[in-house]
Amino acid sequence: MGSDNSMKVLVPVKRVVDFNVKVRVKSDQSGIDLANVKMSMNPFDEIAVEEAVRLKEKGKVKEIVAISIGPAQAAETIRTALAMGADRGILVKTDGEVEPLVVAKILKAICEAEKPDLVFTGKQAIDDDSNQTGQMLAALLGWGQGTFAHSLELTDASAKVAREIDGGLQTVELKLPAVVTTDLRLNEPRYASLPNIMKAKKKPLEEKTPADYGVDATPRLKVLKVSEPPKRGPGIKVKSVSELLDKLKEAGAI
Amino acid sequence: MAALVIAEHNNQTLNEQTAKTVTAAALVSTPVHVLVAGENCKAVAEAAAKIAGVEKVLLADNALYARMLAENMETLILSVAEKYDAILAPASTSGKNYLPRVAAKLDVPQISEILKVVSADTFERPIYAGNAIQTVQSPAGKKIITVRTTGFKAAAEGGSAVIENLAATADAGLSKFDSEALSKSERPELTSAKIVISGGRGLGSAENFKLIDKIADRLHAAVGASRAAVDAGYVPNDYQVGQTGKIVAPNLYLAVGISGAIQHLAGMKDSKVIAAINKDEESPIFQVADFGLAADLFQALPELDQELAKRGY
C-alpha cells in the first residue's frame, strides 16, 4: 500500500443472463429458464473491471485479480475480465445458486490471502438484484465501503467515492483497504480487442472450491416458487391531448 | 419478540417510507420499534412516535450518525439486534447501504426489496428487474429485510410511542463524510408523489425538459427521467426512474418521449394509471400504458399545458 503503482485490486465478477435477454419463467415455477440463453458478465461488474484497468493504466494499480464464483463456464467471464486488462483469475467452482453471504465469505477468505488494497465490484447482479455482496464483504473484513460509486479519486491511503444516493450525490472518504461498488455512470467499459482476447487465454487462472476456503455454499433461503409478474391489461390509444385529459379525469388520475 | 424498523429521514423530517416499512414489519413480528439514528433529529423521533402501531422509538442522536454512514450504522444496529427477531429498512439507497453489513455480521442471509409479506417467514421479491417474482422462505432465526415501499400502505398516524435514548457506539473510523450535492426542488419527491411526469431521450435537450416542468407545476407532480435522458445529461442522476434508479408507483405516471426499455418499465409499471406520449406508435411503452397518445411531444406538451390551463389546473 502507499506509493504509486503498488496497489492490488480484486474484482469479483458474476456470470449472469445477458441484459438484452428477455427472461422466461419456467412453467413449473421452479425458476428462470436458462437453457440456450446467452450469458455475459454482469454489466455493473464490467464497470468495476474497467475502473480497475483505468487505474492500472494511470499507474496507480499494479495488479488486478478477477474472481468469479459459479459454474465451470464462469471461467469465460473471468477470461473476459482478463481480456479487458485484468492480470490473473481465480474461479471458485460451485453448482447451483450461491447466496450473497456465501459469496462474501469466500471473497473474505480470498482477501485475507491476497491482501488487496481495494475490491471493486458491481452494486448488484442483474439476475437476483440483491445488492448485498460488496457491503457484506466490507462488514466481514471490517473495512469501509463506498457503494453505488459515481466517481472515484484515489490517494495513497484513502479513496474518495462520490455515491449516487436518492437525493443526488454524496461523497465519502474511505480508509484503505476498502470495498467500492460501482453504479452505471462511473465509466463506460471497453470492448476487449481480439489481440487482447488471445492474450487473455494465456493469463493464469486458478481453480478452487468453496471448501478450499472453508465455506459451506448451501443456500439458506428457500425459493418456494418463481412466477410471472402480474400483467397490465391492454390500454387504449387516444387521438388528442384533450381526449387524454378526459380519460385521465375519468380514471381519477388527475 | 419484536421488529425493528430503521427510520429514513434527513435529520429534520421523517420520510414516508418509514411508515410503509412499519406496515411491512407488523406483518413479520410485533410489537414494532423504530430506530432513529441521526444528529439533532429529535423532531424525527417525535414524528416516528406518532405512527400507529409503533410501541417504542429508539433515538440515537449523535454526530456519528448525521449522514447515516454504513459502518457506524452497522455497529449501532448490532448493539440492539439481539432484542429483535426481525430488522427492516426501506430499500432506499441508505437502507441498501447499511443493512447488508448488519446481516453479514449476524450471519443471516438478507432478503432484499420485499414486495409482499406472504406469511411471517415468506416473502415475494422481484428478480431480473421485476420480470419475475420470487417467493422465498427465510430460515429460522433473525430476518433482515429491505422493503420496496411502493408495495405497502403507510401506517396511519395516531400512535403515541415512548421515545428512549440509545447510547452511541464507538466510531468505526473507516469512513468520513466529505460532501453532498443534493438536487433542490420545490416539487414533491419522486418516490412519494401522487403524479410523476417523466421525460426521455425524445426531449432532446436539458432546455426542453422545461416543457415537462411546466406540466409538472400545473399538476403538482414530481419530475422523473429515463436512463437515456440522464445519460444524455438532460437531468441529474437522481431523476432516474428504473431498475437502477428509483422505483415509483404513483396514481398517475405520464411518460413523455420514453420508448419503454425493460429497465425503465421495471421502475414504474406498478403505477396505478400509466399514460404515454410518444411519436413512435410501435414504442414498447404503449404496451404498458393505459392511455397512449402517438404524437410529437413538441406539439403535444404545449397543447397539454394550454388545455390544463383552460381546465383550471
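These are legends for a set of close-up views of a predicted model with chains A and B.

**View 1. The largest cavity, where chain A and chain B both supply lining residues.** Let's start with the empty space inside. The structure holds six cavities of 30 Å³ or more, and the largest of them has a volume of about 420 Å³. Which residues lie nearest the centre of this largest cavity? They are A:D166, B:T93, B:K96, B:G245 and B:K246, out of a lining of 30 residues. Strand 8 (158–165) of chain A gives two or more residues to that lining, and so do helix 1 (17–26) and helix 4 (93–106) of chain B.

**View 2. What the wall of the largest cavity is made of.** Sorted by class, the lining comes to 13 polar, twelve charged and five nonpolar residues. Where does this cavity lie with respect to the two domains of chain B? Domain 1 (3–165) and domain 2 (195–310) of chain B both give residues to the lining, so the largest cavity lies between them.

**View 3. The second largest cavity, with a volume of about 100 Å³.** Here you can go round the wall residue by residue. Chain A brings A:Q124 and A:D129. From chain B come B:E113, B:P126, B:A129, B:G130, B:R148, B:Q243, B:I247 and B:A266. By class, that lining has four nonpolar, three polar and three charged residues. Once again, domain 1 and domain 2 of chain B both give residues to the wall, so the second largest cavity lies between them too.

**View 4. The two domains of chain B and the contact between them.** The domain assignment splits chain B into domain 1 (3–165) and domain 2 (195–310). Their C-alpha centres lie 31 Å apart. How many residues are in contact here? Five residues of domain 1 touch seven residues of domain 2. Together the two domains bury about 550 Å², 56% of it on carbon and sulfur atoms. On the domain 1 side, B:A129, B:R148 and B:T150 lose the most area to domain 2, together 74% of what that side buries. B:A129 and B:R148 may look familiar: both also line the second largest cavity. As for salt bridges between the two domains, the count is zero.

**View 5. Chain A against chain B.** Now for the contact between the chains. Chain B puts 85 residues into it and chain A puts in 75. The area buried between the chains is about 6,800 Å², and carbon and sulfur atoms give 54% of that. In chain B, the residues that lose the most area to chain A are B:T93, B:Y128 and B:F291, together 11% of what that side buries. B:T93 is also one of the residues nearest the centre of the largest cavity.

**View 6. A salt bridge across the two chains.** How many salt bridges are there between chain B and chain A? The count is six. The pair in this view is A:R220 with B:D107, whose closest N and O atoms are 3.3 Å apart. Over all chains, the count comes to 39 salt bridges.

**View 7. A loop of chain A with a salt bridge of its own.** A:K38 pairs with A:D18, and their closest N and O atoms are 3.7 Å apart. Both residues sit in the loop between strand 2 (15–17) and strand 3 (39–41) of chain A, 20 residues apart. A:Q29 lies in this loop as well. What is its phi? A:Q29 has a positive phi of about 60°, although it is not a glycine.

**View 8. Two cis peptide bonds, each leading into a proline.** In chain A, the bond from A:L176 to A:P177 is cis, with omega near 0°. A:P177 is found in the loop between strand 9 (168–175) and strand 10 (178–182). In chain B, the bond from B:T30 to B:P31 is cis, with omega near -5°. Where is B:P31 found? Look in the loop between helix 1 and strand 2 (32–38) of chain B. That helix 1 is one of the elements giving two or more residues to the lining of the largest cavity.

Methods: Residues numbered from 1 in each chain as written. Chains lettered and ligands numbered in written order. Predicted model: local features only at pLDDT ≥ 70, side-chain atom pairs only at ≥ 80, totals over all residues. Heavy atoms only, no water. 1 Å grid on protein atoms, 1.4 Å probe; cavity = no way out; pocket = protein on both sides within 12 Å on 5 of 7 lines; lining within 4 Å. Points joined across faces, edges and corners; volume = space filled by probe spheres on them. Helix = DSSP H or I, 4+ residues; strand = E, 2+ residues; numbered from the N terminus. Nonpolar A, V, L, I, M, F, W, Y, C, P; charged D, E, K, R; others polar. Domains from an automatic or database assignment. Contact = heavy atoms within 4.5 Å. Buried area = accessible area lost by both parts, 1.4 Å probe. Salt bridge = Lys/Arg side-chain N within 4 Å of Asp/Glu carboxyl O.
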